[in-house]
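Me: I would like to go through this structure and ask how each label is earned. Please set the values against the definitions as we go.

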Amino acid sequence: MWGRNRTSTSSMAGGHFRSNLWDPVLIVAQICTMQAAFYFCLGIWIFFLDVIGRFDLSLDQMFTQSDLGLYEDSGRTNIIAYSLNSLTCAFIMWYVVGRTKQCLDFAATVHLGHFIGCWVVNGYVPQTFWWWMTNGICVGLMTILGEFLCMRSEMKAIPLMGQKVDL
């Protein structure tokens, strides 16, 4: 599985149980996968909630800051879509990244990419309170759930006795 960081176990040479190998191609692939998953899942959540709420479907809902807020039904729906997207992307991050230490890095990188995308599409830096609040909370949600899931996987017991185990 290409999503997991390649690790090597060393017996006596290095003295470390796990040493990370620097693999920039893997990191770039993980970033691109997470960015694509972010927009794909966000599009699905926005579509699903717009159909339920009978709102106008528009691709601009992903990039415009005026579609986020608590004052209109469509704004609340978009905030819910962003929140559900963060939870969905945390599960994807668990599969693609799989390391607790890297969850904040990847969550922040995905949202930085979204910030740059909003800046390019709109021609200016997002300025509304709700855009910044929504994206800040979504970084937190994605990081915390991603770390929780990755930590559960990393803390599983390593079987030492019994059947032959490929470590």
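Reply: A helix here is a DSSP run of H or I with at least four residues, and a strand is a run of E with at least two. The model is predicted. By that rule the protein chain has four helices and two strands, and along the sequence they follow the pattern β-β-α-α-α-α.

Me: How do you know that the span of helix H2 agrees with its 24 residues?
Reply: The expected span is 1.5 Å times one less than the number of residues. For the 24 residues of H2, residues 73–96, that gives 34 Å, and the end C-alpha atoms are 34 Å apart, so the two agree. After H2 comes Gly98, with a positive phi near 70 degrees.

Me: What does UniProt say about residues 79–97, and what is the helix content of that span?
Reply: An unreviewed UniProt entry places the feature "transmembrane region" at several spans, including residues 21–48 and 79–97. In the model, residues 79–97 are 95% helix and 0% strand, with end C-alpha atoms 26 Å apart. Residues 21–48 are 89% helix and 0% strand, and their end C-alpha atoms lie 41 Å apart. The annotation may be inferred rather than shown by experiment.

Me: Why is Cys138 not counted as bonded to Cys89?
Reply: A disulfide needs two cysteine sulfur atoms within 2.5 Å. The closest cysteine sulfur to that of Cys138 is in Cys89, 9.5 Å away, so this is too far for a bond. A search of the whole structure finds zero disulfides.

Me: Why is Cys138 called buried or exposed?
Reply: Buried means under 20% relative accessible area. Cys138 has 1%, so Cys138 counts as buried. Cys118, at 0%, therefore counts as buried too. Of the 167 residues of the protein chain, 35% count as buried.

Me: What makes the contact of Arg99 and Glu154 a salt bridge?
Reply: The rule asks for a side-chain nitrogen of Lys or Arg within 4 Å of a carboxyl oxygen of Asp or Glu. Arg99 and Glu154 have an N to O distance of 3.3 Å, and they meet in a salt bridge. The pair links distant parts of the chain, 55 residues apart: Arg99 is in the loop between H2 and H3, and Glu154 is in H4. The structure holds one salt bridge.

Me: Why do Arg99 and Glu154 get their accessibility labels?
Reply: The partly exposed class lies between the 20% and 50% cut-offs. Arg99 has 14% relative accessibility, so Arg99 counts as buried. Glu154 has 34%, so Glu154 counts as partly exposed.

Note on methods: Residues are numbered from 1 along each chain as its sequence is written. This is a predicted model: local features need pLDDT of at least 70, side-chain atom pairs count only at pLDDT 80 or more; totals for chains, interfaces and linings use all residues. Side-chain values use heavy atoms; hydrogens and water are left out. Buried means under 20% relative accessible area, exposed over 50%, partly exposed in between (1.4 Å probe, protein chains only).
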